[in-house]
Amino acid sequence: MSYRYVCRCCGMKVGEIQQSNVSEWQLGFQFLTQQERQHIISKDEIGNTVVRVVCDYCKEALDQNPDLSVVGNPLQ
Ligand SMILES: [Zn+2]
């Protein structure tokens, strides 16, 4: 089981944790509301956890164009 961090904007893989005993606390999930968890955390077809984040590149773009964050990804 692994945790994969994928950018929710461009789909780029940001990082991966190959560890089954990592706690939600270590991942920072405790800061998320239940609704955010459902939106951000999902499972892929083989049961690995996929965490949708924003990569540095997209974060920079969003910082410069805050309106983009409201529009989001049309594919979602
Ligand atoms: Zn991105």
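Two strands are said to pair if DSSP finds at least two bridges between them, and that rule is worth keeping in mind as you move through this structure, which is a predicted model.

**The whole chain**

Begin with the cartoon view of the chain, in which there are four helices and four strands. If you trace the chain from the N terminus, the elements run β-β-α-α-β-β-α-α. Buried residues make up 26% of the 76 residues in the chain, and among the contacts with a separation of 6 or more, 45% are between residues 24 or more positions apart.

**The sheet**

Next, select the four strands, which form an open sheet in the order β2-β1-β4-β3, with mixed pairing. Strands β2 and β3 (41-43) stand at the edges with a single partner strand each, so one side of each is left without a neighbour in the sheet. From one strand to the next, the twist averages 25 degrees. As a general point, strands of a sheet pair through backbone hydrogen bonds, and they do so either parallel or antiparallel.

Now go through the pairs in turn, starting with β1 and β2, which run antiparallel and are joined by four bridges. To find one place where these strands meet, select Y3, whose bridge partner in β2 is I17. The hairpin of β1 and β2 has five residues between the strands, and in it G11 takes a positive phi near 85 degrees.

Moving across the sheet, you reach β1 and β4, which pair in the parallel sense over five bridges. Here you can select C7, which stands opposite V53 in β4.

The remaining pair is β3 with strand β4 (residues 49-53), where three bridges join strands that run antiparallel. Select K43 and you will find its bridge partner in β4, which is T49. The hairpin of β3 and β4 also has five residues between the strands, and its G47 takes a positive phi near 90 degrees.

**Two serines**

Select S42, which lies in strand β3. Is S42 buried, partly exposed or exposed? S42 counts as partly exposed, because its relative accessibility is 32% and the partly exposed class runs from 20% to 50%. Leaving aside neighbours within four places in sequence, S42 is in contact with N48, T49 and V50. If you draw a distance from the C-alpha of S42 to the C-alpha of R52, it comes to 8.1 Å, and these two residues are 10 residues apart in sequence.

Then select S2, which is found in the segment before β1. S2 is buried, with a relative accessible area of 3%. Not counting residues up to four places away in sequence, S2 touches E16, I17, Q18, N48 and T49.

**The nonpolar core**

For the next stop, show the side chains of Y3, Y5, V22, L27, F29, I40, I41 and V51, the eight residues of the largest nonpolar core. Which residues does I40, one member of this core, touch beyond those up to four places away in sequence? The residues that I40 touches are L32, V50, V51 and R52.

**The zinc ion**

Finish at the zinc ion, and show the side chains of its protein donors, C7, C10, C55 and C58, whose SG atoms lie 2.2 to 2.4 Å from the ion. Along the chain, these donors follow the spacing C-x2-C-x44-C-x2-C. The pair C10 and C58 links distant parts of the chain, since C10 is in the loop between β1 (3-7) and β2 (13-17), whereas C58 is in helix α3 (residues 56-64), 48 residues apart. With a relative accessibility of 45%, C10 counts as partly exposed, while C58, at 10%, counts as buried.

What is the geometry of the site of the zinc ion? The site is tetrahedral, with angles of 106 to 115 degrees among its four donor atoms. For comparison, the ideal angle at a metal with four tetrahedral donors is 109.5 degrees.

Key
Residues numbered from 1 in each chain as written. Predicted model: local features only at pLDDT ≥ 70, side-chain atom pairs only at ≥ 80, totals over all residues. Heavy atoms only, no water. Donors = N, O, S within 2.8 Å, 3.2 Å for Na, K, Ca; no water. Tetrahedral: all angles 85-135°; square planar, octahedral: opposite > 155°, others 65-115°. Buried < 20%, exposed > 50% of the residue type's maximum accessible area, 1.4 Å probe, protein only. Axes fitted to C-alpha atoms, helices over the stretch in contact; angles between N-to-C directions. Core = buried A, V, L, I, M, F, W, Y, C linked by side-chain atoms within 4.5 Å. Contact = heavy atoms within 4.5 Å.
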